[in-house]
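This briefing addresses two topics in turn: the surroundings of the bound ligand and the packing of selected helix pairs. Please consult the sequence and the structure alongside the points that follow.

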Amino acid sequence: MPTYRAPVKDMQFVLHDVLNVSGSDIPGYEELESDFTNAVLEEAGKLTSEVLAPLNVVGDTEGCRLENGVVYTPTGFKDAFEQVKEGGWTGLDMPEEYGGQNMPYVLGTAVGEMFSSANQAFTMYQGLTHGAASAVLAHGTDDQKAKWLPKMVSCEWTGTMNLTEPHCGTDLGLMRTKAEPQGDGSYKISGQKIFISAGDHDMSDNVVHLVLAKIPGGPEGIKGVSLFIVPKFLVDDDGNVGARNGVSVGNIEEKMGIHGNSTCVLNYDEAEGYLLGEEHKGMRAMFTMMNEARIGVGMQGLSQAEVAYQNAVDYAKDRLQGRDVTGTKNPDGPADPLIVHPDIRRSLMDQKSFAEGARAFILWGATLIDAAHRKDDKDADGLISLMTPVIKGFLTDEGYDMTVLAQQVYGGHGYIEEHGMSQFTRDARIAMIYEGANGVQALDLVGRKLGQDGGKHVMAFFEMVKDFCKENSDDEGLKDFIEPLKAASKDLQAAGMYFMQNGMKNPNNALAGSYDFMHLFGHVCLGLMWAKMAKASNAALAAGTDDAAFYETKLTTGRYYMARRLPATAMHLARIQSGADTVMGLDAEAF
Ligand SMILES: Cc1cc2nc3c(=O)[nH]c(=O)nc-3n(C[C@H](O)[C@H](O)[C@H](O)COP(=O)(O)OP(=O)(O)OC[C@H]3O[C@@H](n4cnc5c(N)ncnc54)[C@H](O)[C@@H]3O)c2cc1C
């Protein structure tokens, strides 16, 4: 069975050596002293590796089941959920007034990675609740916040997000679910939603659905969509759960992975609902949830890569096959362990350099979110808005690829179920699809985010990379980092320039290159993270440390990324610059 060890030391390195969180002027960060974050991460590490990780395979093999309209989660999920609630983990970064602990989002993000690595399907129940609670927090009235938030923050009631319908996924303007005003401030919601994660289960007293629907007579298309709170059980003014509302589970989907999470068809039949935010501004309100969810989904890419990598390393050290061509390493055994072989090393280095780079990228992104929320920093807000599709799309594509590499280390033993490696691949696959399929993330990046606020945020990113390279150009210890980063950043700028010069003439020139652009951007971000990690490692070594091996390992891993992974930017640029002609060259009939 696979195991999971929380990467506490690596998280501490990113938080303190690289991001210097406790030295930041973001309100609340002064609490993030190294001892404190270490204690929180160690505790989360224990819970995730000892309680949640062993349930991962149980969830995969048992799945959820629907019996007489009731959804049951796999054996052990309910008890584990109680432990998570009792530990206060569900409200770590939620406001104290609603029962949370008001910790910065960055700490919640580090803890979230552990939860997701240990058991992605399980963690989605609380993850979706967190997203729904954030939407209520941002758009709810005071009464709505008082009524719904305390129970959602504690996960006594869980949350869902309901966008998708059978005929509309990406194109939400086609939505048919209706919301009829009742004249008393409430609405009657009718329609069918499909693929609703955590849509129903037996682990909480109520489920608070956030549902997109159209109020009849409103604007056509996406502009006519509003957001509603629709509970599974109605709640009276004193917060007591009462009668069943008009929402029922039609089915739970059979699917490729995340079997422990119930993916439900939900039928709404004149269910009572309450407007969240303004009429016809539902997408704006839902975006609060979706942006948070997109970062959470990007993290799923990292989290599955990390846990798959850990197991692949163990296996590569244990499995004896073939001999090291440069000299036997295990003379007393019948063969050397897999880890001696350069091709296995390549695979493990790809995985390691991705996971550590992605961790730094996500935690840095989380500091931008904290700066935006806690300091009202508009530049940080713009930058994270630009980065969100990159975090979601790049990290989930790469994360999935890394789980495949980890599976490959096991050979045939990775393909059979006995070792549990295929679950990581199957679970990671969904992250490329939901929360806006990755192709659509790339369109969002190129079509919307690049030009947002006159291109100010992408220019700020280029400046940031340029300044870093300039400041460190004379540093001999960073010579393997600065030149590759400069070259990659130039590729990114050239791609942006290509879109500016050719996208107007023919929008397909930009759209056909958008996926490559998302990956090009992702590599530059990870290149920047590796350069920053190298600088922090050099500083630690120069200052004297009792763990030189950790920092030396960082430098070697970073050099690998710069030499072997970052050059992908040139390929992406070449593809982008080839334009749309070859992509669109065939008539549809020719396929
Ligand atoms: C396990 C699971 C859990 C889910 N959980 C939830 C949930 O909790 N709540 C919820 O509301 N939904 C959920 N979804 C739905 C998910 O978000 C959608 O499946 C996804 O948004 C894509 O919609 P679709 O499946 O209808 O694909 P379509 O919209 O039909 O798209 C099909 C393909 O075409 C591409 N495409 C579409 N439009 C364009 C375009 N203009 N240009 C280029 N390419 C395009 C897409 O990238 C995609 O690859 C879940 C889905 C699954 C499978």
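Around the ligand there are 18 residues, and those that come nearest are Leu163, Thr164, Thr170, Phe195 and Ser197. The model is predicted. The protein covers 61% of the ligand in terms of accessible area, polar contacts involve Met161, Leu163 and Thr164, and three helix pairs are described after that.

**Polar contacts and cover of the ligand**

- A nitrogen atom of the ligand lies 2.8 Å from a backbone N or O atom of Met161.
- For Leu163, a polar backbone atom is 2.8 Å from an oxygen atom of the ligand; Leu163 is also among the residues that come nearest to the ligand.
- Thr164 contributes through its side chain, of which a polar atom lies 2.7 Å from a nitrogen atom of the ligand.
- On its own, the ligand has 980 Å² of accessible area, and the protein covers 61% of this.

**Composition of the shell**

- By residue class, the shell around the ligand comprises 10 nonpolar, six polar and two charged residues.
- Three elements each supply at least two residues of this shell: strand S3 (157-162), strand S5 (186-197) and helix H13 (438-449).
- Which element gives the most to the shell around the ligand? Strand S5 does, with three residues.

**Helix packing**

- Two packed helices are described by the angle between their axes and the distance between the axes.
- Helix H2 (residues 34-52) packs with helix H5 (residues 105-118) at an angle of about 15°, and their axes are 9 Å apart. An angle under 35 degrees counts as roughly parallel, and H2 and H5 are therefore roughly parallel to each other. The crossing in which H2 passes H5 is right-handed.
- Helix H6 (residues 120-139) and helix H7 (residues 142-153) have axes 10 Å apart and pack at an angle of about 160°. Angles over 145 degrees count as roughly antiparallel, and H6 and H7 are therefore roughly antiparallel to each other. H6 and H7 form a left-handed crossing.
- For helix H17 (residues 514-543) and helix H18 (residues 548-565), the axes cross at roughly 150° and come within 9 Å. H17 and H18 are therefore roughly antiparallel to each other, and their crossing is left-handed.

Key: Residues numbered from 1 in each chain as written. Predicted model: local features only at pLDDT ≥ 70, side-chain atom pairs only at ≥ 80, totals over all residues. Heavy atoms only, no water. Near = heavy atom within 4 Å. Polar contact = N/O pair within 3.5 Å; in protein donor to acceptor, adjacent residues only side chain to side chain. Areas by Shrake-Rupley, 256 points an atom, 1.4 Å probe, with all protein chains shown as cover. Helix = DSSP H or I, 4+ residues; strand = E, 2+ residues; numbered from the N terminus. Nonpolar A, V, L, I, M, F, W, Y, C, P; charged D, E, K, R; others polar. Axes fitted to C-alpha atoms, helices over the stretch in contact; angles between N-to-C directions. Parallel < 35°, antiparallel > 145°, perpendicular 65-115°, else oblique. Left-handed = near helix turned anticlockwise from the far one by under 90°.
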